[in-house]
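This report describes the fold, the packing and the open space of one protein chain. The sequence and the coordinates come first, and the account follows them from the overall layout down to single residues.

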Amino acid sequence: MRGPLAPSHVPIAKSRGERFDDLVLDAVDRLRVRWSKELASVEFAVEEVPQASELIDGPGRLASEPIPFGRAEPAAGGEPAMVVVYRRPMEARARDREQLAGLVHSVVVEQVASLLGLTPEAVDPGYDEN
């Protein structure tokens, strides 16, 4: 007998990717309370891993630098600003869901701070707690 193990509306039925997307959405929602105007035109996305160009050694980049957890792209050429979060590197770093949620929130705060030209502490006063 084949079929779903759990109804689709319960958390256990979600894939790892869907659960990660939910963590990103939660982090963004927490920031939108304070920064709704500034984040109104920012798009948020999740990618599995960083692009190859972000991993290649080059001038100013040392082989010992860690794999990036996200990137921020300012608005340009009619395209909206974007924050991209990388799922696999963060899942590999976190030992449990709670730590993953904290890491996701920290990365989203850092990328938003980069876009806004602020410090992470200015974007989220609780940033130091993570």
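## Layout of the chain

The protein chain has four helices and three strands, and from the N terminus on these elements follow the order α-β-β-β-α-α-α. The model is a predicted one, and every value below is computed from it. Of the 130 residues of the chain, 32% count as buried. Among contacts between residues at least 6 apart in sequence, 58% join residues that are at least 24 apart.

## The sheet and the helices on it

The three strands form an open sheet with the order β1-β3-β2 and mixed pairing. Its edge strands are β1 (43-47) and β2 (70-73), each of which pairs on one side only. Direction ignored, neighbouring strands of this sheet are turned by 15° against each other on average. The two pairings are set out below.

| Strand pair | Sense | Bridges | A facing pair |
|---|---|---|---|
| β1 and β3 | parallel | five | Phe44 and Val83 |
| β2 and β3 | antiparallel | four | Ala72 and Val83 |

Val83 of β3 thus appears in both rows, standing opposite Phe44 and serving as the bridge partner of Ala72. Two helices pack on this sheet. Helix α1 touches β1 and β3, and its direction makes about 160° with that of β1; helix α3 touches β1, β2 and β3, and its direction makes about 25° with that of β2. Strand β3 itself is mostly covered, with four of its five residues buried.

## The nonpolar core

In soluble globular proteins, nonpolar side chains tend to be buried together. In this model the largest nonpolar core has 25 residues, and those with the most contacts inside it are Met90, Val104 and Val108. The elements α1 (16-39), β3 (82-86) and α3 (97-116) each supply at least two residues of this core. Val108 gives a view of the packing at the level of one residue: leaving aside its neighbours within four places in sequence, Val108 is in contact with Val24, Ala27, Val28, Leu31, Phe44 and Val85.

## One residue on an edge strand

Is Glu47, a residue of strand β1, buried, partly exposed or exposed? Glu47 counts as partly exposed because its relative accessible area is 26%, which lies between the 20% limit for buried residues and the 50% limit for exposed ones. Not counting residues up to four places away in sequence, Glu47 touches Arg71, Val84, Val85, Tyr86 and Arg87. Between Glu47 and Gly17, which are 30 residues apart in sequence, the C-alpha to C-alpha distance is 9.7 Å.

## The largest pocket

Which residues line the largest pocket? The lining consists of Arg16, Arg19, Phe20, Leu23, Glu91, Ala94, Arg95, Asp96, Arg97 and Leu100, and the volume of this pocket is about 150 Å³. The elements that give two or more residues to the lining are α1 and α3, and the largest share, four residues, comes from α1. Helix α1 therefore takes part in three of the settings described here, since α1 packs on the sheet, supplies at least two residues of the largest nonpolar core and lines the largest pocket.

Definitions and conventions:
Residues are numbered from 1 along each chain as its sequence is written. This is a predicted model: local features need pLDDT of at least 70, side-chain atom pairs count only at pLDDT 80 or more; totals for chains, interfaces and linings use all residues. Side-chain values use heavy atoms; hydrogens and water are left out. A nonpolar core is a set of buried Ala, Val, Leu, Ile, Met, Phe, Trp, Tyr and Cys residues joined through side-chain atoms within 4.5 Å. Buried means under 20% relative accessible area, exposed over 50%, partly exposed in between (1.4 Å probe, protein chains only). Contact means heavy atoms within 4.5 Å. Two strands pair if DSSP finds at least two bridges between them. Axes are lines fitted to C-alpha atoms, for helices over the stretch in contact, and angles run from 0 to 180 degrees between N-to-C directions. On a 1 Å grid over the protein atoms alone, a cavity is a set of points where a 1.4 Å probe fits but cannot get out, and a pocket is an open set with protein on both sides within 12 Å along at least five of seven lines; lining residues have an atom within 4 Å of a point. Grid points are joined across faces, edges and corners, and a volume is the space filled by probe spheres set on the points.
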